[in-house]
Amino acid sequence: MEELVNLFHGFAVALQPFNIMVMVLGIVLGVIIGVLPGLGGANGVAILLPLTFSMPPTSAIIMLSCIYWGALFGGAITSVLFNIPGEPWSVATTFDGYPMAQQGKAGEALTAAFTSSFVGALFAVAMITLVAPLVASFALQFGPAEKFAVYFLAFCSFVGLSKEPPFKTIAAMMIGFALAAVGLDSITGQLRLTFGFTELLNGFDFLIAVIGLFGIGEILLTMEEGLAFRGGNAKINLRVVLQTWKELPKYWMTSLRSCFIGCWMGVTPAGATPASFMSYGIAKRVAKNGKNFGKGEIEGVVAPETAAHAAGTAALLPMLSLGVPGSPTAAVLLGGLLIWGLQPGPMLFVEQKEFVWGLIASMYLGNIVGLLVVLTCVPIFAAILRVPFSIIAPLILVLCAIGAYSVHSSTFDVMLMLVFGVIGYLLKKCNYPLAPLVLAIVLGDKAEEAFRQSLLGSQGSLGVFLSNPLVSTIMILGLIALFWSVIQEGYTRLRSAVA
């Protein structure tokens, strides 16, 4: 009951005229980011983060989260019309969305994609509303050892449950830990790895690193690949929307299954991309007309879009309640909260109720606004792809430079951004994942602080991480997540040996 009262207070915050304006602006910018292949939600939020510095924290996070929802919606437009996934999780949408567009059913495919995205997000937001306060109140019992155990679980999950090669994930994470160690030691006050640069006394600014790694790195890669757009037009009228909505209830089981898959993949840091592929694969196996998947089947659009949006939204649950991001975009949003002086985690629900519930309410409203915007403005957003990339790329580079300079009004930050851009480009060329690196930059110093505080309290005994049932359980779950692929392989071999 208390959660319901808080949610209504949140709606009062989210429905303020200025917040509604930034909500719509965020959705429009997000859809544009989603339409432009390669940019992505995390990159877009990172590049546009400096725009929010002068805003109140609640309005700022509403705008940034709406950019994220918009990017999730926007990825489907290019997938269906141009067979170009605007986002990694939109790849599965191209399997049936593009064939539908080729058959002249682009309107139906886009309506199904947008509506499924909306349903997936709504399910995940309802879950956050119900579960986040419970998780946060439980996490209030955490001391330094329990906090480190949660961070350990997050890092292990990225290594063991990710589809990326474990050694590449660990290597990227180690680079992140090294970058997080730069600056003043929070325990002893000693300088570390500053190499005489006074600008590095406070360490690498998270925002500079993210703009460089994601924004500049992606632009360099896209320029090298020589991106070109080609595709068809699409118009969505009311008749097509109503006709598609009439057909969609037939696939309620697919939608519900995809919602659960998406929420699970979002809370564990597997992410939206594996969720969309898993959902598509299961739908293809279970559906009566599974043989037609890949030839323009509407159910093949519903499954991945529902799962991707549910996963993208559910990733904010551990970020808000535990301070552990479930996706790269959630990591960028977490960095934003830290910049505004807010500490994500259980105390956020106690100290900043208005902020948290305003954000949760804006998730409901933002997705309704997003659905209306994309249904009415598809031709306009699709027309962006007619603009040559040679014009778009310099504009994005300028935005990145302005964003980096505005953090401390320092040209040193712009130079650092370019260095991170080259690092991001090289990592992507060598197929190293950036998400674990970003996670380590954001949480590295906090994990180190919790680890050292635990050891100081236990006089150097590692037994503190197995000292009570709670911390022991979390640490064991972390080890299971770390060796999950090995456990799975062993189980498969055992079964085949028995058979």
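**Helix α19, its flanks, and two buried serines**

Let me start in a loop: asparagine 431 sits between α19 and α20, the latter covering 435-457. This is a predicted model, so please take the values as computed from it.

Asparagine 431 comes just after α19, and its phi is positive, at about 60 degrees. It is not a glycine. As background, most residues other than glycine have a negative phi. Is asparagine 431 buried or exposed? Its relative accessible area is 53%, and the cut-off for exposed is over 50%, so asparagine 431 counts as exposed.

Now back along the chain to α19 itself. This helix runs over residues 411-429, which is 19 residues. From first C-alpha to last, α19 reaches 27 Å, close to the 27 Å expected at 1.5 Å a residue.

What happens at the start of α19? There, serine 410 places a side-chain oxygen within 3.1 Å of the backbone nitrogen of phenylalanine 412.

Which residues of α19 are buried? Going along the helix, they are Asp413, Val414, Leu416, Met417, Phe420, Gly421, Gly424, Tyr425, Leu427 and Lys428. Keep in mind the general geometry: an α-helix has 3.6 residues a turn, so residues three or four places apart point the same way. With that in mind, look at Met417, Phe420, Gly421, Gly424 and Tyr425, which are among the buried positions. The list also includes the charged-type names Asp413 and Lys428.

Next, α20. Serine 454 belongs to this helix. Serine 454 is buried because its relative accessible area is 4%, and buried means under 20%. What does serine 454 touch, once neighbours within four places in sequence are left aside? Its contacts are Pro144, Ala145, Val464 and Phe465.

Past α20 there is another loop, leading to α21 at 469-482, and glutamine 459 lies in it. Glutamine 459 also has a positive phi, near 60 degrees, and is a residue other than glycine. Its relative accessible area is 79%, so glutamine 459 is exposed.

Last, a serine from elsewhere in the chain. Serine 255 is part of helix α11, residues 252-267. Why does serine 255 count as buried? Its relative accessibility is 15%, and the limit is under 20%, so it falls on the buried side. Leaving out neighbours within four places in sequence, serine 255 is in contact with Val302 and Thr306.

To recap the loops: asparagine 431 is exposed, and glutamine 459 is exposed. As for the two serines, serine 454 is buried, and serine 255 is buried.

Conventions. Residues are numbered from 1 along each chain as its sequence is written. This is a predicted model: local features need pLDDT of at least 70, side-chain atom pairs count only at pLDDT 80 or more; totals for chains, interfaces and linings use all residues. Side-chain values use heavy atoms; hydrogens and water are left out. Helices (H or I, at least four residues) and strands (E, at least two) are DSSP runs, numbered from the N terminus. Buried means under 20% relative accessible area, exposed over 50%, partly exposed in between (1.4 Å probe, protein chains only). Contact means heavy atoms within 4.5 Å. The expected span of a helix is 1.5 Å times one less than its number of residues. A polar contact is a pair of N or O atoms within 3.5 Å; within protein, one must be able to donate a hydrogen and the other to accept it, and residues adjacent in sequence count only if both atoms are side-chain atoms.
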